[in-house]
Amino acid sequence: MSTTRILETVSRLRCISCAAIPDSAGQDFRCAACGDLMEFFFPGWTSGSSPFDPAALKSLWQNRRTSRENLDQSGVWRFRELLPHIPNLAEHAITLGEGNTPLYRLPRCARAAGVENLLAKHQGMNPTASFKDTGMTFAASSAHQGKFRWVACASTGNTSASMAAYAARGNMHSLVLIPEGQISWGKLSQALDYGALTCQLRTDFDGCVQILNELVRQKPVYLLNSVNPYRIEGQKTAAIELMEQLAWEPPDHIIVPGGNLGNSSAIGKALVEMRELKLISRLPKLSIIQAQGANPFYRCVHDFGGKKLEPMTADTLATAIRIGNPASWKKALRVLQATGGEVEQVTEIEIAIAKAEIGADGIGCEPASAVTLAGLKKLRRSGFVKPGEAVVLILTGHILKDPDFTIKFHRGDLFAGTPDETDAAQAKSLQRAPVVLDANLGAVIAALEAAERNFSTILML
Ligand code: F0G
C-alpha cells in the first residue's frame, strides 16, 4: 500500500455551510462565497470503501514508536496518513516532539464523580504544556511551506505560547494579541521567552479576534487561530492517539472543555473519521463543558435548540475559556449531534473543587481543564453517564500554567470579595494552605501531628 500517494491526492477544503470547494483558502480561512468556516475533507474516505487496511495502519503507527526519525517521534506526525498533505514536508515540518501524552487513571476523582472507570488524557504534557501544540505543529508547518514571514493569533494565553514556540523553531516572526490583564503570567511569560511581539489589547479575547481578522485582510500574516483548518487537523491526533492507547476500544464518553470550540470539533472529527475508516467500531459520546459565566454554546444548545449562537460578555476565573463568541460553534454542534454528546455548564466553585480533586490524584491541571471533572459529576447526576461506563477526560493544560489560581484557592482567597464567597466554604476540606513556622523541629512535628489528625478528611475525598 502506498500511503504517500493517497496523501497527495485526497484532501480538499470545503465550506461547512455552503459546501463550496475552493482551490485554496483566503488569508482569513473563511469561505469567499458565504463567509463561514472551512474544513478539510477526504473524498476517498466517504465512498464506503476505505483506501486503508485498518490493521496495517495500526501496525505502521505502532512501529513508528521505535523509529529514530524526527517525524515518527511526534505523536502528531506519526499519524500523518490521516492528515492533509503538506508538499515538501521534510523541509517544512516544525516539530517539538509534541503529542505522546499520558493517559492516567484517576481513582479519587472517579469516587468523587461516582464512576468506576475514569481516565484522563493529559494534553498539558505537551512541549509548551497545553493541547495547542498538536494543532500548532501542523499549522505552523503549513505557514512555513507558504513562506510566511509573520504568523499571528489572538489568544487567552495557550495558543500564543504554543504559536510563539513553533514560530521560533521555524524561524518565523510571531504576533500575539492578548486581552490585557486577563491571561495568566505563566502563559504570557512563555510568549515573551519564545520571542513573540506581544500586544496586550485593552479588550477581551473576542475583541482581540476582531482586530486580528481585520489585520490579516490587510497584511501578509498567517492566521494561527483555530479557524485555521490545519490547526483542527493536527488536534485530531489527540483522539487517534487516545484510541491507540485504549487498544482501539473506544470508551463510552469523552469529555472536553469548550471555549472557542476548536478542540471539541477536532476530537469529534477524528472520531467520525476513524469510524469511517473502520479503525474503531463505534463512537464514544463527546460532551462539552463550559464555565457558567462563559456559556454561549450551552445556551445555544439548551435555549435555542442549536439554531443560533448569541455572543455574550464572558467572565470566569478559568481565563483560558473566557470566550463569549466561539468561532467553531457550528463544527462543535455537528460533532455533538454525530456522537450523541451533551453540553453542560459548571460554576466557578465547581471548577475550583474539581481542579483540587484532580490535583489530589497527583495529576493536576489548569482551571479550564477541570471543567471536565465538574461536568462529569453533573452528567452523572442527570443520569447521562452511568456508573459502569468508561469515561475519558481531556485535560487541556498543565497545572503550572496558572499557579496564581491554585495558590489563591489553597489560601482560601480565590473567591474573596466575589458573590461566591459564602458558598466557597464547601471547598475548605480540599484546601492545603502553606503553614509558616519558626525554624524548629518541635513546630514541624506539631504541624505533622495536626495534619495526621485531619487525614481522615483527606481519605474521604
Ligand atoms: N482548555 C485550555 C487550557 C485552553 O487554553 C482552551 C482554549 C480551551 C480549553 C478551550 O479550547 O477553544 O478549542 O474550545 N484556549 C485558547 C487560547 C482559546 O487562546 O489559548 P477550545
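A cavity here is a set of grid points where a 1.4 Å probe fits but cannot get out. With that in hand, let's look at this predicted model. It holds 2 cavities of 30 Å³ or more, and here is how they line up.

| Cavity | Volume | Nonpolar lining residues | Polar lining residues | Charged lining residues |
|---|---|---|---|---|
| Largest cavity | about 320 Å³ | 9 residues | 14 residues | 3 residues |
| Second largest cavity | about 50 Å³ | 2 residues | 1 residue | 4 residues |

Start with the largest cavity. Its lining is made of 26 residues, and F131, K132, N260, A320 and I323 lie nearest the centre. Two or more lining residues come from each of α7, α10 (229-245) and α11.

So what fills that space? The ligand takes up the largest cavity. Around the ligand are 20 residues, with S155, N260, L261, N263 and T396 the closest. Sorted by class, that shell has 11 polar, 7 nonpolar and 2 charged residues. Both α7 (158-169) and α11 (262-276) give the shell at least two residues.

Some polar atoms come close to ligand oxygens. The side chain of S155 has an N or O atom 2.7 Å from one ligand oxygen atom, and a polar backbone atom of L261 is also 2.7 Å from a ligand oxygen atom. For G262, a backbone N or O atom sits 3.2 Å from an oxygen of the ligand. On its own, the ligand has 470 Å² of accessible area, and the protein covers 98% of that.

Now for the second largest cavity. E39, I232, S265, K269, K331, R334 and V335 line it. α11 and α13 (329-339) each contribute at least two of these residues, and α13 has the largest share, with 3.

Terms used: Residues are numbered from 1 along each chain as its sequence is written. This is a predicted model: local features need pLDDT of at least 70, side-chain atom pairs count only at pLDDT 80 or more; totals for chains, interfaces and linings use all residues. Side-chain values use heavy atoms; hydrogens and water are left out. A residue is near a molecule or strand if one of its heavy atoms lies within 4 Å of it. A polar contact is a pair of N or O atoms within 3.5 Å; within protein, one must be able to donate a hydrogen and the other to accept it, and residues adjacent in sequence count only if both atoms are side-chain atoms. Accessible areas come from the Shrake-Rupley method with a 1.4 Å probe; for residues, only the protein chains shown count as cover. On a 1 Å grid over the protein atoms alone, a cavity is a set of points where a 1.4 Å probe fits but cannot get out, and a pocket is an open set with protein on both sides within 12 Å along at least five of seven lines; lining residues have an atom within 4 Å of a point. A molecule sits in a cavity or pocket if more than half of its atoms lie within 2 Å of its grid points. Helices (H or I, at least four residues) and strands (E, at least two) are DSSP runs, numbered from the N terminus. Ala, Val, Leu, Ile, Met, Phe, Trp, Tyr, Cys and Pro count as nonpolar, Asp, Glu, Lys and Arg as charged, and the others, Gly among them, as polar. Grid points are joined across faces, edges and corners, and a volume is the space filled by probe spheres set on the points.
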